[in-house]
Amino acid sequence: MAEPALRVGASLSGRRWLWSAQAHPDADRLSAAIAQRCGLPEIVGRLLHGRGISPDAAALFLEPTLRALLPDPSCLIGMDEAAARLADAVRRQETVGIFGDYDVDGACATALLASVLRELGCSVLTHVPDRVREGYGPNAPALLALHASGASLIVCVDCGTAAPEPLAALAGRADVLILDHHKAEGPPPPVLATVNPNRLDCRSGLGSLCATAITFLAAVAALRVLRNTNGLTTAPDLLGLLDLVALATICDVMPLAGLNRAFVTQGLKIMARRHRIGLNALLEIASVQEAPSALTCGFALGPRINAGGRISEADLGLRLLLCQDADEARLLAERLDAVNRQRRHVEAAIIDRALEQAETQIAAGHAVLLLSGPDWHQGVVGIVAGRVKEALNRPTLVAALLDDGTIKGSGRSVSGLDIGTAVIAARQAGLLLTGGGHAMAAGFSLAADKLAAFHAFLDERLASSRDLLATRDLLIDGALDVTGATIELAAHIDQLAPFGAGNEEPVFALARARVVHAERIGKGGNTLRAQLEGEAGGPRLKALLFRAGDTPLARAMEARDGARLHLAGQLRAEEWNGRRTAGFFIVDGAPA
């Protein structure tokens, strides 16, 4: 077993600290080569090497460009047919219907395609399904309504791959295109074109793209057709739409490597210009003054845009993204902010009961947690599943009991345990009415009398869950003294951003730090602001601990007994009133 980092076998939150970098015979040489070539401190060279970045690839990783990384859209099966049909719609100035999903990726993909087609002269109708009344994916009544309103071409974005029956309603009425990224179980629906890197016969290697990125590539391909056949000279500014691609990529938790890293890096630059009226209004409502980051998208923008689809009007987020009037955008942003606050209250009303059920199930020997309640809102069960999974480190499914006697829910898993495959297998075994997903997340519905059998099936399929520790190990990327946590180092680390899935923000351990001052700030005093000092004194480092509560870590930091602590967290460069300083964001701690 690996030696714990700084010998922390059980931190104040019960976690074991492990060094993230695996032993490699050439690690020192390769890290030094990266640092030398890119003009970086050696510790940042080690961070890049630990991410699998070679000296030859380091420069492109640090400055990813679409010129270097954007593929030919035609590498995707079905793209040429989709691009040709979209170009035909522009030539004929057709009415196009767009059916999008109710999450951030669906809203962004719909907004992107609608913006491009409208600028090219098409009339565009949009539909976002109500999560409760319509459920996920295309449904025949909504599709037929788009057709009845004049749509001769209907494009399903972020959905459609698993919907052959509803799409059959349009046969002989309207052409259908699918721009999706969800995993397919069998052949695509019998429509004009299905562009999905995760269809079984696609060898594009682009399976990690979100639907908005696929839609962007479809726009690139359609404009290429128009230029080649019609001599198009004035075209929409596709680069100006990269803010939507970045937002969707981050909020759909796509790995931030390769092409996705370029999309997000360039898209955040577009977002920083604040030209999109709706997003600017939402940034103002969320009190975001600095340049937007992946954290901004994931924690300020995404939850608010998603909130409408969870518990309110499904198309609120889409309307905000497409809004061209500043006053209307402000009103929409305020509504989404209010709905998001309501979502938090709904979630809070469920989470404690869900955790109680979870503890009971663990004590009873269940490998998988399957939690349900009669008054639980189905719009937030996925969030609650994620919270319980994070707290207890077990695959977790949370469901609402509906008035019609069925159960509908969402699941979230831990790394290495494929919950999507398990749910699909349960559906194929006749236990579920609907079910699908991917390795880390799944959705399902079933008759109430099948709940126990479904739970037993999951326990058997994911039996190794019983071997998981109650808390996840914390991976440490390096150790620092407080005096070494400088603004210069923080600025160099920031070059590795954007951080997220597949490119996690580095976690450092401050060895033997002393808390010289600590005070409660923020709503309810739930944030702890501190000043840290190294073992030999010297310059102090400001630090923050969020969700401090009455945790053992918060108590240790407030003890004022001079005891030394190992503190784990992220080192970031912050700017306030034109002055840049280093800040340490604490995630865990242990007695030194």
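This text describes a helix, its surroundings and a pocket in a predicted model. Residues are numbered from 1 along each chain as its sequence is written, and side-chain values use heavy atoms, with hydrogens and water left out. Because the model is predicted, local features need pLDDT of at least 70 and side-chain atom pairs count only at pLDDT 80 or more, whereas totals for chains, interfaces and linings use all residues.

Helix α10 comprises residues 242–251; helices here are DSSP runs (H or I, at least four residues), numbered from the N terminus. Nine of its 10 residues are buried, so α10 is largely enclosed by the rest of the structure. Buried denotes under 20% relative accessible area, with a 1.4 Å probe and protein chains only. Among the buried residues of α10 are Leu-242, Asp-243, Val-245 and Leu-247. The helix is followed by Val-253, whose phi is positive, near 55°.

Leu-247 also belongs to the largest nonpolar core, where Val-155, Leu-247 and Phe-263 have the most contacts among 88 residues. Such a core is a set of buried Ala, Val, Leu, Ile, Met, Phe, Trp, Tyr and Cys residues joined through side-chain atoms within 4.5 Å. Beyond its neighbours within four places in sequence, Phe-263 is in contact (heavy atoms within 4.5 Å) with residues including Leu-242, Val-245 and Ala-246. Apart from the largest core lies another, of 39 residues, among them Ala-58 and Leu-480.

Asp-243 is a charged residue of helix α10. Asp-243 counts as buried because its relative accessibility is 3%. Its side chain makes a polar contact with the side chain of Arg-276, at 2.7 Å; a polar contact is a pair of N or O atoms within 3.5 Å, in which, within protein, one must be able to donate a hydrogen and the other to accept it, and residues adjacent in sequence count only if both atoms are side-chain atoms.

Arg-276 leads to the second largest pocket, being one of the residues nearest the centre of that pocket, together with Ser-115, Gly-240, Leu-241 and Gln-324. A pocket is an open set of points on a 1 Å grid, where a 1.4 Å probe fits, with protein on both sides within 12 Å along at least five of seven lines; lining residues have an atom within 4 Å of a point. The pocket has a volume of about 450 Å³, the volume being the space filled by probe spheres set on the points. Its 24 lining residues divide into 12 nonpolar, five polar and seven charged. Helix α6 gives the most to this lining, with five residues.

Key: Helices (H or I, at least four residues) and strands (E, at least two) are DSSP runs, numbered from the N terminus. Buried means under 20% relative accessible area, exposed over 50%, partly exposed in between (1.4 Å probe, protein chains only).
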